[in-house]
Amino acid sequence: MKKEIALQRLTECGVVAVIRAQSADQLQDIARALLEGGVVGIEVTMSTPKAIQGIEKLVDAFGDKVVVGVGTVLDAATAADAIHAGAHFVFSPVTDTRVIEVTKRLGKVCVPGAYTPTEILNAWAAGADIVKVFPATTLGPGYFKDLLAPMPFLKLTPTGGVDLKTAADWIKAGAVCVGAGSSLVGKEACAKGDWAAVTNNARQFTEAVKAARAK
């Protein structure tokens, strides 16, 4: 999948599932449930055991039906390993120019993390395709409106504290997509294998994004 297509699909869907699974064995079930609910962006965090192998298996199982990526990337070597395993995007909680460089060189979507206006602009200038504003928990959607007023060219996504109650507000404030973790893929649902609950959450998230964009 070309980078431009991966980026387009992530932003069109508007929801990226941030998966911190207890086992890589759960990933295919989770991905299947998310896809049924309309979520195509699947971020496998490096806190998931055997995350790289899990990414490879997801890509083998689903092909271009989903846009698989890696999250919580803190160094260039991890980014490269995940991309070679099939990851289409790289999310990081921080801005590391070495991670950006290797992701860009390998032709994948780069989403570094930043917090302050200066950090966010620096991440964008360094080559980010989208800047992940993290942690967004205490900032609120108004922060995006404030940032985009003087810098409307930025593409932003919030991670941290995003749930069904706030997803639409983030989109209305200018987010190109939202990153949702436990509010989308709950620990209890995964522990019980309640994939219908995950599908239901995914459907509600995607509907919330569509409704926000329609307004």
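Colleague: What relative accessibility does lysine 104 have?

Modeller: Lysine 104 comes out at 35%, so it counts as partly exposed. On our scale, buried is under 20% relative accessible area, exposed is over 50%, and partly exposed is in between (1.4 Å probe, protein chains only). Keep in mind that this is a predicted model, where local features need pLDDT of at least 70, side-chain atom pairs count only at pLDDT 80 or more, and totals for chains, interfaces and linings use all residues. Residues are numbered from 1 along each chain as its sequence is written, and side-chain values use heavy atoms, leaving out hydrogens and water.

Colleague: Got it. Which side chain does lysine 104 meet in a salt bridge?

Modeller: Aspartate 129 is the partner, at 3.6 Å from N to O. A salt bridge here is a Lys or Arg side-chain nitrogen within 4 Å of an Asp or Glu carboxyl oxygen. This pair links distant parts of the chain, 25 residues apart: lysine 104 sits in helix α5 (residues 97–105), and aspartate 129 in the loop between α6 (117–125) and β7 (131–133). Helices (H or I, at least four residues) and strands (E, at least two) are DSSP runs, numbered from the N terminus.

Colleague: And aspartate 129, buried or exposed?

Modeller: Buried, with a relative accessibility of 11%. That residue's partner, lysine 104, is partly exposed.

Colleague: Which residues are linked in a network with those two?

Modeller: Lys3 joins in, giving a salt-bridge network of Lys3, Lys104 and Asp129.

Colleague: How many salt bridges does the structure hold?

Modeller: There are 5. One of them joins the side chains of arginine 98 and aspartate 96, with N to O at 3.0 Å.

Colleague: Where do arginine 98 and aspartate 96 fall on the buried-to-exposed scale?

Modeller: Arginine 98 is exposed at 55% relative accessibility, whereas aspartate 96 is buried at 13%.

Colleague: What about arginine 32, which side chain does that one meet?

Modeller: Aspartate 29, in a salt bridge with N to O at 3.3 Å.

Colleague: Why can those two pair, how far apart are they in the helix?

Modeller: Both belong to helix α2 (residues 27–36), and being 3 residues apart puts about one helical turn between arginine 32 and aspartate 29. In general, oppositely charged side chains can pair when their charged atoms come close. Arginine 32 is partly exposed at 39% relative accessibility, and aspartate 29 is partly exposed too, at 32%.

Colleague: Switching to the backbone. Which residues does a cis peptide bond join?

Modeller: Phenylalanine 134 and proline 135, with omega at about -10 degrees.

Colleague: Where is proline 135 found?

Modeller: Proline 135 lies in the loop that runs between β7 and α7 (142–148).

Colleague: What is phi at lysine 50?

Modeller: Positive, about 55 degrees, even though lysine 50 is not a glycine. Lysine 50 sits in the loop between β2 (41–45) and α3 (51–62), and with 61% relative accessibility it counts as exposed.

Colleague: And what is phi at threonine 72?

Modeller: About 60 degrees, so positive as well, and threonine 72 is not a glycine. Look for threonine 72 in the loop between β3 (67–71) and α4 (76–84).

Colleague: How accessible is threonine 72?

Modeller: Its relative accessibility is 30%, so threonine 72 counts as partly exposed.
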